[in-house]
Structure formats: structure tokens, C-alpha cells
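Hi,

Here is the structure I promised to send over. Have a look at it first, and then read on for what turned up when I went through it.

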Amino acid sequence: MRRTIIGLLTGLTVIAATSCGSSSSGDGWKLAWEENFESEKIDDTVWSKTLRGGADWAKTQSHDERCFAFRDGNLVLRGIVNDDLEADTSAYLCGGLFTKGKKEFAPGRIEVRAKLQAARGAWPAIWLLPYDGKKWPNDGEIDIMERLNHDGFVYQTVHSHYTYNLKNTTNPPSTDTIAINADDFNVYGADIYRDSIVFHVNGKRNFAYVRKAELADSLEQYPFYQSYYLLIDMQLGGKWVGEVDPAELPVEMEVDWVKYYVKE
């Protein structure tokens with residue numbers, strides 16, 4: 001979106017519940033990299049600002065400096081009303097970062113601690129795409145967190161040729177929701193194994209998407225054991241989330257840290 005893959009144990013992992021921080025202490029995961037934004041600047045050796053695109057999620061992505069800020073050592077990504085339609089024809093502008101071409105993550109655990117403001121039409125997301133991917137959705141997509149509007153829960157989802165093109169979303173289930181602390185920080189995570197992806201929030205296991213060994217390889221049901229790049233976006237509007245209410249803007253996504261673990 002493949003590099004040398006770090007070997008991991010397989011199987012379904014039950015995550016021990018924690019209240020606020022990382023869920024990885026004492027359960028066999030070793031911290032391999034973190035970004036805590038304490039420098040209060042975007043490290044351009046790791047991150048790029050998300051590009052405008054034709055997909056619903058990308059139509060409002062912008063490099064406008066007002067969409068990016070820091071507060072108390074946290075990254076702030078904003079969605080705002082565009083007040084200069086001559087400079088940019090999009091009605092709304094949003095900030096996002098991604099690591100493609102700069103930082104890749106072999107299969108392991110990714111966790112992001114973030115606080116999400118609510119607004120009609122707000123669609124913040126934390127997700128993974130294959131680092132050397134060539135064709136979507138065949139190469140796979142892992143959505144660690146998507147929140148819509150004022151929901152008190154988030155979606156965690158996988159996409160592939162099997163789930164998206166062939167519409168096999170129930171065998172096994174490819175998405176589920178889990179409640180969040182709507183007005184506070186939450187830790188969103190996913191663990192990638194050879195035969196499953198385990199999703200969790202605040203250390204609480206949500207669900208696992210499992211490789212079905214009996215399915216033919218041509219169905220591309222489990223393309224997920226590979227290296228990824230990370231995307232963290234404030235997003236506004238689209239067919240799924242619905243119309244934006246400009247009276248509820250600006251809206252923010254505040255990111256405390258990103259942590260990447262491998263199995264010890």
C-alpha cells in the first residue's frame with residue numbers, strides 16, 4: 001500500500017481490560033516504537049499530511065494550517081468550515097496524517113489514544129492500509145476506529161475482496177461496534193496475527209476477524225498478514241456519515257500517542 005515480516009504467535013488473544021492507558025503491559029507484547037507528539041511539531045520523517053482525493057473520506061482533506069494544532073503535548077486534527085471558496089472549493093476542510101513511504105508496521109499491535117469531539121457529519125478514523133498495496137480492497141484494509149456523528153460507540157472493521165466485492169461480511173463477521181467514553185480519551189487497538197485480527201478498545205476485546213483455512217486462496221479472504229502504514233484523519237461528510245451541520249464546527253480529534261508493539 002511487503003517487507004520482512006516479524007514472526008508472531010498465532011491464535012485469538014483475549015485482552016485484559018484496563019481503564020485508560022495501553023493494554024500491553026505484562027501480556028507478552030514489547031513496545032517497538034511510539035509517537036507521543038511531545039515535541040509539538042509534526043515529524044516529517046514519519047508523517048505526511050493526508051492528500052485530497054475522490055473517495056468520500058478524502059474529499060475534505062486539506063493542508064490548511066488551521067486543521068493542525070498541538071495542545072498540552074497532543075496532536076489536534078480539526079474539521080472546519082472553509083471561509084475562502086476561491087482558494088479551495090471544498091465547503092469543509094479537515095486535517096489528517098499518514099505514514100506511507102516513511103514508516104511501516106509489520107504485523108503486531110497498534111494502539112492510538114485519542115479523544116473525539118462529536119458533530120453532525122463528523123467521521124474521525126484511525127486505520128491501516130498495506131504499505132506496498134497495489135489494489136484496493138484486494139490487498140486489505142483494517143479500520144481500527146471509525147466514529148459517526150454523536151455516536152457513543154465506534155466501528156472496527158476489515159475490508160478485502162472477500163468482504164467488499166464478494167459481500168461476505170458475516171462468515172466470519174467483518175465488523176462490530178463497541179462503546180467508548182464519548183467525552184474522554186480512549187485507546188483504540190488492533191492485533192494482527194497470521195490467522196486473525198483482534199480488535200479492542202481500552203484493553204477490552206471487541207471481536208476477532210478469523211482466517212477461514214477451508215476457503216480457496218482465490219477468494220482473498222485473509223490478505224492481512226503483511227506490513228501496513230497508518231492513517232489518522234479528521235473527516236467530514238459522506239454517504240455513510242451523512243450531511244455536515246456547519247453550526248457544530250469546528251470539530252476536533254485530539255491524539256495523545258501512537259504505540260506499536262511486537263510479540264516478545
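Before anything else, a word on terms: when I say that two residues touch or are in contact, I mean that they have heavy atoms within 4.5 Å of each other. Please also keep in mind that this is a predicted model.

With that in hand, let's start at Thr163, which sits in helix 1, residues 161-165. Leaving out residues up to four places away in sequence, Thr163 touches Val158, Asn168, Thr169, Ser174 and Tyr209. A polar atom of the Thr163 side chain also lies 2.9 Å from the backbone nitrogen of Ser160. Is Thr163 buried or exposed? Its relative accessibility is 5%, and the cut-off for buried is under 20%, so Thr163 counts as buried.

Next, the open sheet. Seven strands make it up, in the order 2-6-15-8-9-10-11, with antiparallel pairing. The edges are strand 2 (48-49) and strand 11 (175-179); each has a single partner strand, so one side of each is left without a neighbour in the sheet. If you want to check the pairing at one edge, strand 10 and strand 11 run antiparallel and are joined by five bridges. Gln156, for instance, has Asp176 in strand 11 as its bridge partner. As a reminder, strands of a sheet pair through backbone hydrogen bonds, either parallel or antiparallel.

Some of these strands turn up again at the largest pocket, which has a volume of about 480 Å³. Its lining is made of 18 residues, and those closest to the centre are Trp123, Glu141, Glu146, His159 and Trp240. Strand 8 (125-130), strand 9 (141-146) and strand 10 (153-159) each supply at least two of the lining residues.

Strand 12 deserves a look of its own. Why can we call it largely enclosed by the rest of the structure? Eight of the eight residues in strand 12 (residues 185-192) are buried, so the rest of the structure largely encloses it. The covering applies to both faces: Phe185, Val187, Gly189 and Asp191 are buried on one side, and Asn186, Tyr188, Ala190 and Ile192 are buried on the other. Strand 12 pairs with strand 7 (residues 109-116) in the antiparallel sense over seven bridges, and there Ile110 has Ala190 of strand 12 as its bridge partner. Strand 12 also pairs with strand 13 (residues 196-201), again antiparallel, over five bridges. In that pairing, Asp191 is matched with Val198 of strand 13. The link from strand 12 to strand 13 is a hairpin of three residues.

Now the inside. The largest nonpolar core has 54 residues, and the members that touch the most others are Trp47, Ile126, Ile142, Tyr188, Leu230, Ile232 and Met253. Strand 16 (residues 251-263) gives this core its largest share, six residues. There is also a second, separate core of seven residues, with Trp127, Leu129, Tyr229 and Leu231 among them. Going back to Ile232, and setting aside its neighbours within four places in sequence, its contacts are Trp47, Leu77, Gly96, Leu97, Val112, Ala125, Ile126, Met253, Val255 and Val258.

A few single residues to finish with:

- Val262 is in strand 16 and is buried, with a relative accessible area of 12%. Its C-alpha atom is 5.5 Å from that of Trp29, although the two are 233 residues apart along the chain.
- Asn74 belongs to strand 4 (residues 74-81) and is buried at a relative accessible area of 8%. Apart from neighbours within four places in sequence, Asn74 contacts Phe37, Ala69, Phe185, Glu254, Val255 and Asp256.
- Leu51 is in the loop between strand 2 and strand 3 (68-71). At 52% relative accessibility, Leu51 counts as exposed. Not counting residues up to four places away in sequence, Leu51 touches Ala58, Gln61, His63 and Phe98. The C-alpha atoms of Leu51 and Tyr261 are 27 Å apart, with their positions 210 residues apart along the chain.

Cheers

Technical notes:
Residues numbered from 1 in each chain as written. Predicted model: local features only at pLDDT ≥ 70, side-chain atom pairs only at ≥ 80, totals over all residues. Heavy atoms only, no water. Buried < 20%, exposed > 50% of the residue type's maximum accessible area, 1.4 Å probe, protein only. Helix = DSSP H or I, 4+ residues; strand = E, 2+ residues; numbered from the N terminus. Pairing = 2+ DSSP bridges. Core = buried A, V, L, I, M, F, W, Y, C linked by side-chain atoms within 4.5 Å. Polar contact = N/O pair within 3.5 Å; in protein donor to acceptor, adjacent residues only side chain to side chain. 1 Å grid on protein atoms, 1.4 Å probe; cavity = no way out; pocket = protein on both sides within 12 Å on 5 of 7 lines; lining within 4 Å. Points joined across faces, edges and corners; volume = space filled by probe spheres on them.
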